[in-house]
Every structure is written in C-alpha cells, then in structure tokens.
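Colleague: I should like to learn how to read a structural model of a protein chain. May we go through one together?

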Amino acid sequence: MFPRPIAQRSAVAQWSYSAMLPIALILWLLPLLGIALTSIKPSSDLASGNYFGLPSYLAFENYWSVLFEYDLWKYIRNSFVVTIPTVVGAVALSCLTGFALGIYRFKGNLLIFFMFVAGNFVPFQILMVPVRDLTLDLGIYDTPQALILFHIAFQTGFCTLFMRNFIAALPRELIEAARVEGVADWQIFWYIVLPLMKPAIAALSVLIFTFVWNDFFWATVLTTSADTRPVTAGLSSLNGQWVAAWHLVSAGSIVAALPPVAMFFLMQKHFIAGLTLGAVK
C-alpha cells in the first residue's frame, strides 16, 4: 500500500535517489532564485535585455522604493486587516461545527457534513457575479468586510472537514466519562476537547493564513481602491501602462511572501504536530 523506504531499496535505487534529489531541489527553487535575482537588478539591466545574467550592481534600493515610494506597506497592512480576522473567524467556527459533527450522532449528521464540504468544490468563477452583487446589495463592496465575510464563509467548509475528522478521532471515553460525571456539553468542549485541539488549530491557522494571504482572485473582484486592496492585488499596480517594472514586482513579491513564511517557521513545530497527529499509534 505504501512505497518501501529508500533505505530498503537496491543500491542502484539509492544512488539514483541521492543524485536526483539535489537536481529536483534546484529545479524547485529556480523560479524563486530568479525572482530574488531580478529584485536586486537595476531597471537599466532589464531595459538592456539582461534578464538571466548577474546584475551590473546590487540595487537594494528596489525594496525601499517598492515599500515607501509605491506604498506597498499599505497593501500589506490591508492584507493583515483581511487575513487575521478571517483566520480567527474560520477557525473559531470550525471548532464549534467540528465538535458538533464529530461528537454528536444524529440523523442527518453526514448530510450536514457533506454540505459543508460540498462548497469547496464550487469553482470560484461561478460565484464571482453573485458574490459581487451580494456585496453591492449589502453596501460593503470595496471594503475589507467583503473579503473577510466571504473568506470566512468559504474557508469554514474546509476547516470543518479538518476539525471534524480530528475530533472524531479523539477517544470517546473522555467524552463519555465527562457526561457520566454530569459535565455540561459546553464544558466538555471548553475544558476537554479544546485543549486537545491545539495542534490542529495551529496547523489549520497556518494553512488558512497562507490561503487567504495569497488570494488574488477575490482581491481583484471585491476591491478596486488602493485603500482596501490586499498585497496580491496591489502588486499589479507596480507595473506601468506601457512598461513592466519587473524589478519592482519581484522585490514586492519577495516582501509579500515574508509574512506567511515567517508564520510557518514560527508555528513549524505545532504545524507538523497537527498534521501528523494520529498518523502513528
């Protein structure tokens, strides 16, 4: 069912693995290295056709320009305004729905669970017009609230799938013992289940933070002004009407990628624990 570990393979397979691994790593990192190299090139290098060579000099001022002259910091602030409430709202709701669907056994449990999951299979393009019209009717178009409410509504389905499966795998003896002692359901959730969910909450928070931070489609559909656009949509404004400022776009992309990368490394231990919990007995 599972592939054999490489240490149990033949000598030829082990040698091939050792030889191909660095090559695959270089190919994987090549686009990132290209963006990093372009971000420190002066505009004159790109204008002269020096796309793949070394820069004539290190133009670290590109980062200063993109942050302060082109107000990238404002778009980064907008991304935090949208992403943090979305993560808190989606994870909090999924803890409640996951607890209800994972603990209670009632007729229609699977149907409700499938309804949560089914929303993740709807293409974004189909939802574009009705969601935009809904935000216009509610008077929240081109506001952070529009993005926050949509992302919470859409991400809760995936989060519920994650949390429900996690909670359903917890020992039911803990729940039954608490019920025998007369503990209320909200106390079971708050004092017994929620502390056990901390690795799952950490893993889910990192995933949702990355999903929402990197969203480009809804950032361009539901926002139009620089005061509300997240950083993914704001990067497009770095290009002029006739000339593409790739050195600035590359520098902005590197800066925009730092928050989710920093969050992953800060939460790395909890993230891996949440994903692997229950994988082994």
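The dialogue below takes up secondary structure, annotation, overall form, burial and charge.

Modeller: This is a predicted model, in which local features need pLDDT of at least 70 and side-chain atom pairs count only at pLDDT 80 or more, while totals for chains, interfaces and linings use all residues. Residues are numbered from 1 along each chain as its sequence is written, and side-chain values use heavy atoms, with hydrogens and water left out.

Colleague: How many helices and strands are in the protein chain?

Modeller: Both are DSSP runs, numbered from the N terminus: helices are H or I of at least four residues, strands E of at least two. The protein chain has 14 helices and zero strands.

Colleague: Where does UniProt place the feature "transmembrane region"?

Modeller: UniProt positions follow the numbering used here, with shortened feature names, and annotations may be inferred rather than shown by experiment. The unreviewed entry gives residues 21–40, 80–103, 110–128, 148–167, 188–213 and 244–266. Residues 21–40 are 95% helix, with end C-alpha atoms 29 Å apart; residues 244–266 are 91% helix, with those atoms 35 Å apart.

Colleague: What box do the C-alpha atoms fill?

Modeller: Along the principal axes, the box is roughly 75 × 65 × 30 Å.

Colleague: What share of the residues count as buried?

Modeller: Buried means under 20% relative accessible area (1.4 Å probe, protein chains only). Of the 281 residues, 38% meet this criterion.

Colleague: How many positive and negative side chains are there?

Modeller: Lys and Arg count as positive, Asp and Glu as negative; His and the chain ends are not counted. The protein chain has 15 positive and 13 negative side chains.

Key
Buried < 20%, exposed > 50% of the residue type's maximum accessible area, 1.4 Å probe, protein only. Charge placed at Lys NZ, Arg CZ, Asp CG, Glu CD.
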